[in-house]
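The report below examines how the side chains of one protein chain pair, pack and stack. It is meant to be read with the sequence and the model side by side.

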Amino acid sequence: MAGRFAPRPARTTVRGGETGVPRQAAAPGKARVWVPDGPLDLGLVLGPLRRGPGDPTFRTMPDGSVWRASRTPGGPGTLRVTARGGEVRGEAWGPGAEWLLERLPRLLGADDDPSAFVPRHRLLAVTRHRRPGLRLTRTGLVLESLIPSVLEQKVTTLEAYQAWRLLVRKFGEPAPGPAPGRMSVMPAARTWALIPSWEWHLAGVDYKRAATILRAVRVAARLEEAAGMEPAAAQERLEVVPGVGPWTSAETVQRSHGAPDAVTVGDLHLPGIVGFALGGDRYADDAEMLRLLEPYAGQRHRAARLVLLSGRVPGRRAPRMAPRGIERL
């Protein structure tokens with residue numbers, strides 16, 4: 001059962017139901033310049049961290065910069081990343097600024113080894129050639145990937161994105177520094193634990209997903225320790241939490257660990273997409289998908305990413321699943 005009492009509001013309550021302290025004038029940020037050892041596409045690398053077009057923790061700007069608001073071990077932080085002339089510049093604000101800048105190369109795929117992938121299908125070879133800047137991000141933060149992944153369990157993408165947006169804006173805090181308007185840092189573990197049951201309902205989150213998140217945040221410290229483990233061991237630890245299965249753990253370590261082999265099983269669409277692209281079988285199940293990806297053992301997640309980037313997907317045969325809208329009940 002979700003918490004019985006709402007989190008204690010901050011000193012200032014903002015009209016419209018959102019709580020938090022007012023945004024202060026931006027203090028000078030910290031900066032770092034990093035030169036990657038190969039092509040780098042910010043959109044491809046950081047795109048998986050964006051949970052919908054209205055994600056309060058992620059923003060892309062017309063100048064090509066990417067902004068992220070994260071809750072780090074050092075506290076809330078805002079990171080702005082730009083890529084120009086073969087080098088990357090990171091600027092950060094807030095208590096978590098140093099932590100974010102220290103791990104900037106990992107975030108942008110410095111630990112990833114794209115050369116380890118050997119394409120065995122022409123489609124993947126062509127896609128990799130056309131997308132040389134693809135690297136797998138590694139955030140080093142578990143909860144910020146686990147919670148939105150739980151929200152995405154067995155609902156439409158629109159429902160999950162809406163729930164994440166509403167909960168982060170209402171219970172998070174303003175992103176430090178000169179972040180674009182309405183960017184927020186996700187709530188701390190204790191704040192998630194204190195969200196009352198009716199707020200989950202108003203965000204369209206059913207009891208099962210809310211209960212899973214509550215169980216996870218109660219052991220938040222143990223889960224964050226998994227960031228230093230190998231991906232397979234980290235998945236095992238995550239799946240100890242009731243309600244977190246192979247689908248959710250894979251979606252999490254793909255982002256927190258940059259795991260190249262953490263293929264997502266149990267997905268509604270991915271087996272058919274991979275099956276159609278690599279075997280001409282739009283009705284492929286998980287077993288068939290894994291068989292087709294077997295030649296890419298150790299790199300199956302990267303292979304699936306390339307399939308999705310190839311654009312070779314089967315046409316729709318039925319209308320989209322309609323959102324349930326439980327908040328209206």
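What follows takes up the overall make-up of the chain, then its charged pairs, its nonpolar cores, one helix and its aromatic rings.

## Overall make-up

The model is predicted, and the features described here should be read with that in mind. The chain contains 15 helices and seven strands, and of its 329 residues 48% count as buried. Among the contacts with a separation of 6 or more, 67% are accounted for by residues 24 or more positions apart.

## Charged pairs

Side chains of opposite charge can pair when their charged atoms come close. A search of the whole structure gives 18 salt bridges, and three of them, which join separate parts of the chain, are set out in the table.

| Salt bridge | N to O distance | Place of the Arg | Place of the acidic residue |
|---|---|---|---|
| R68 and E144 | 2.5 Å | β3 (residues 66-72) | α5 (residues 143-151) |
| R237 and E225 | 3.0 Å | α11 (residues 231-238) | α10 (residues 220-225) |
| R300 and D261 | 2.9 Å | α15 (residues 300-310) | loop between α12 (246-256) and α13 (270-279) |

The side chains of R68 and E144 meet in a salt bridge; R68 belongs to strand β3 and E144 to helix α5, so this pair ties together parts that are 76 residues apart in sequence. Both of these residues, R68 and E144, are buried.

The salt bridge between R237 and E225 joins helix α11 to helix α10, so the parts it ties together are twelve residues apart in sequence. Here R237 counts as partly exposed, at 22% relative accessibility, and E225 also counts as partly exposed, at 42%.

In the third pair, R300 and D261 form a salt bridge that links distant parts of the chain, 39 residues apart, with R300 in helix α15 and D261 in a loop. R300 is partly exposed, with a relative accessible area of 22%, and D261 is partly exposed as well, with a relative accessible area of 27%. Elsewhere, D63, R80 and E91 are linked in a network of salt bridges.

## Nonpolar cores

In soluble globular proteins, nonpolar side chains tend to be buried together. The largest nonpolar core of this model has 34 residues, and those with the most contacts inside it are L146, L167, W192, W200, V205, I213 and L223. The elements that contribute two or more residues to this core are α5, α6 (157-171), α9 (207-218), α10, α11 and α12.

The surroundings of L223 show one part of this packing in detail. When its neighbours within four places in sequence are left aside, L223 is in contact with V142, L143, L146, A216, R237, L238 and V241. Two of these contact partners have already been named: L146 is listed among the core residues with the most contacts, while R237 is the residue that forms a salt bridge with E225. A second, separate core consists of 19 residues, including W34, V45, L101 and L141.

## The two sides of helix α11

Which residues of α11 are buried? They are A234, Q235 and L238, and they cover an arc of only 100° around the axis, which puts them on the same side of α11. On the other side of this helix, A232 and E236 are exposed. The buried residues of α11 pack against α5, α10 and α12, and these three helices are among the elements that give two or more residues to the largest core.

## Aromatic rings

The count of aromatic pairs comes to four. W67 and W93 form a stacked pair, at 5.6 Å centre to centre and with 10° between the planes; the pair links strand β3 to strand β5 (residues 87-93), across 26 residues. W67 and W93 are buried.

F117 and Y296 form another stacked pair, at 5.2 Å centre to centre and with 15° between the planes. This pair links parts of the chain that are 179 residues apart, since F117 lies in the loop between α3 (104-107) and α4 (122-130) and Y296 in the loop between α14 (286-293) and α15. Both F117 and Y296 are buried.

W164, W192 and W200 form one aromatic cluster, and W192 and W200 are also among the residues with the most contacts inside the largest core. Finally, a charged side chain meets a ring where R282 lies over the face of Y283, at 5.8 Å from the ring centre.

Note on methods: Residues are numbered from 1 along each chain as its sequence is written. This is a predicted model: local features need pLDDT of at least 70, side-chain atom pairs count only at pLDDT 80 or more; totals for chains, interfaces and linings use all residues. Side-chain values use heavy atoms; hydrogens and water are left out. A salt bridge is a side-chain nitrogen of Lys or Arg within 4 Å of a carboxyl oxygen of Asp or Glu. Helices (H or I, at least four residues) and strands (E, at least two) are DSSP runs, numbered from the N terminus. Buried means under 20% relative accessible area, exposed over 50%, partly exposed in between (1.4 Å probe, protein chains only). A nonpolar core is a set of buried Ala, Val, Leu, Ile, Met, Phe, Trp, Tyr and Cys residues joined through side-chain atoms within 4.5 Å. Contact means heavy atoms within 4.5 Å. Rings of Phe, Tyr and Trp (its six-membered ring) pair if their centres lie within 6.5 Å; planes under 30 degrees apart count as stacked, over 60 as edge-to-face and the rest as tilted. A charge sits over a ring if NZ of Lys or CZ of Arg is within 6 Å of the ring centre and within 35 degrees of the ring normal. The arc is that of the directions from the helix axis to the C-beta atoms.
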